[in-house]
Amino acid sequence: MITADRSEPENTWCPSGRPDAPEAVVLGVRSGQGGEVVYLADPVPARDVLPLVPEGVEPTRVLRFASHCVSACLHRRGNDCTLVERVAATPADEDRNVPRCHLRAQCKWWAQVGVDGCRRCPAVATTVVEGDDLGALVADPATTREQLDAWITAGETGAPRPAAAPSR
């Protein structure tokens with residue numbers, strides 16, 4: 001079990017950040033059939049990588065970016081990140097190793113939910129793929145914990161799932 005002082009540092013970073021933020025770095029590369037993130041050993045400034053992404057490819061489809069956590073974010077409620085609350089509410093493989101991540105010491109998700117956020121972080125997509133209803137629900141700031149729980153429970157019981165909101 002990983003334990004740490006999860007008090008929030010002054011300048012927190014979002015592991016699902018905006019690639020166009022001046023301080024943005026590439027956190028990892030989306031890889032494989034499931035599109036999970038493979039984390040880089042060291043951060044690379046996004047400004048150095050973005051020109052290398054082929055035209056017509058949305059950078060967030062192939063890369064995960066980190067940038068400063070900002071108070072104007074759609075996912076903020078006071079000092080809390082509602083995105084990581086929804087991410088942490090999704091099922092996770094408890095046997096999954098927590099990925100190595102250079103961001104952890106300054107990560108908003110780590111500060112807020114600890115290892116629960118880290119276990120799910122590789123599966124988080126900044127750009128929701130069409131047909132990924134769970135991803136669309138998690139990404140939508142209007143989704144309540146109750147809606148998310150109902151969607152997950154319906155899948156576990158085989159009942160028809162409520163429709164997810166369209167991704168933004």
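**Exercise 1. What percentage of the 168 residues of the chain count as buried?**

Solution. The structure is a predicted model, and every value below is computed from it. Of the 168 residues in the chain, 42% count as buried. To see how the chain is built, begin with its elements, which comprise seven helices and six strands. Read from the N terminus, these elements follow the order β-β-β-α-α-β-β-β-α-α-α-α-α. Turning to contacts between residues at least 6 apart in sequence, one finds that 70% of them join residues at least 24 apart.

**Exercise 2. Describe the largest nonpolar core and state which element gives the most to this core.**

Solution. Start with the members: the largest nonpolar core holds 26 residues, and those that touch the most other members are Ala66, Leu83, Val87, Leu103, Trp109 and Leu148. Next, look at where the members come from, since at least two residues each are supplied by strands E2 (25–31) and E3 (36–45) and by helices H3 (82–89), H4 (108–113), H5 (115–120), H6 (133–139) and H7 (145–157). Among the elements, H3 gives the most, with four residues. Helix H3 is also mostly covered, as six of its eight residues are buried, namely Thr82, Leu83, Val84, Arg86, Val87 and Ala89. As general background, nonpolar side chains in soluble globular proteins tend to be buried together.

**Exercise 3. With which residues is Ala66 in contact, leaving aside its neighbours within four places in sequence?**

Solution. With those neighbours set aside, the contacts of Ala66 are Trp13, Cys14, Pro15, Gly17, Glu23, Ala24, Val25, Leu27 and Leu103. Of these partners, Leu103 is, like Ala66, listed among the core residues that touch the most other members.

**Exercise 4. Locate the largest cavity and work out which classes of residue make up its lining.**

Solution. First, the structure holds one cavity of 30 Å³ or more, and the largest cavity contains about 90 Å³ of space. Its lining consists of Pro15, Tyr39, Pro99, Cys101, Leu103, Arg104, Cys107, Trp109, Trp110, Gly117, Cys118 and Cys121. The elements that give two or more residues to this lining are H4 and H5. Sorted by class, the lining has 10 nonpolar residues, one polar residue and one charged residue.

**Exercise 5. Why do Cys107 and Cys118 not form a disulfide with each other?**

Solution. Begin with the cut-off, which asks for a pair of cysteine sulfur atoms within 2.5 Å; by this rule the model has zero disulfides. For Cys107, the nearest cysteine sulfur belongs to Cys101 and is 6.3 Å away. For Cys118, the closest cysteine sulfur is that of Cys107, and the distance of 6.3 Å is too far for a bond. The two residues can also be compared with the burial limit of under 20% relative accessible area: Cys107 is buried because its value is 8%, and Cys118 counts as buried because its relative accessibility is 10%.

**Exercise 6. Is Ala142 buried or exposed, and how far is Ala142 from His75 in sequence and in space?**

Solution. Ala142 is found in the loop between H6 and H7. Its relative accessibility is 54%, so Ala142 counts as exposed. For the second part, Ala142 and His75 stand 67 residues apart in sequence, while their C-alpha atoms are 9.1 Å apart in space.

Definitions and conventions. Residues are numbered from 1 along each chain as its sequence is written. This is a predicted model: local features need pLDDT of at least 70, side-chain atom pairs count only at pLDDT 80 or more; totals for chains, interfaces and linings use all residues. Side-chain values use heavy atoms; hydrogens and water are left out. A nonpolar core is a set of buried Ala, Val, Leu, Ile, Met, Phe, Trp, Tyr and Cys residues joined through side-chain atoms within 4.5 Å. Buried means under 20% relative accessible area, exposed over 50%, partly exposed in between (1.4 Å probe, protein chains only). Contact means heavy atoms within 4.5 Å. On a 1 Å grid over the protein atoms alone, a cavity is a set of points where a 1.4 Å probe fits but cannot get out, and a pocket is an open set with protein on both sides within 12 Å along at least five of seven lines; lining residues have an atom within 4 Å of a point. Grid points are joined across faces, edges and corners, and a volume is the space filled by probe spheres set on the points. Ala, Val, Leu, Ile, Met, Phe, Trp, Tyr, Cys and Pro count as nonpolar, Asp, Glu, Lys and Arg as charged, and the others, Gly among them, as polar.
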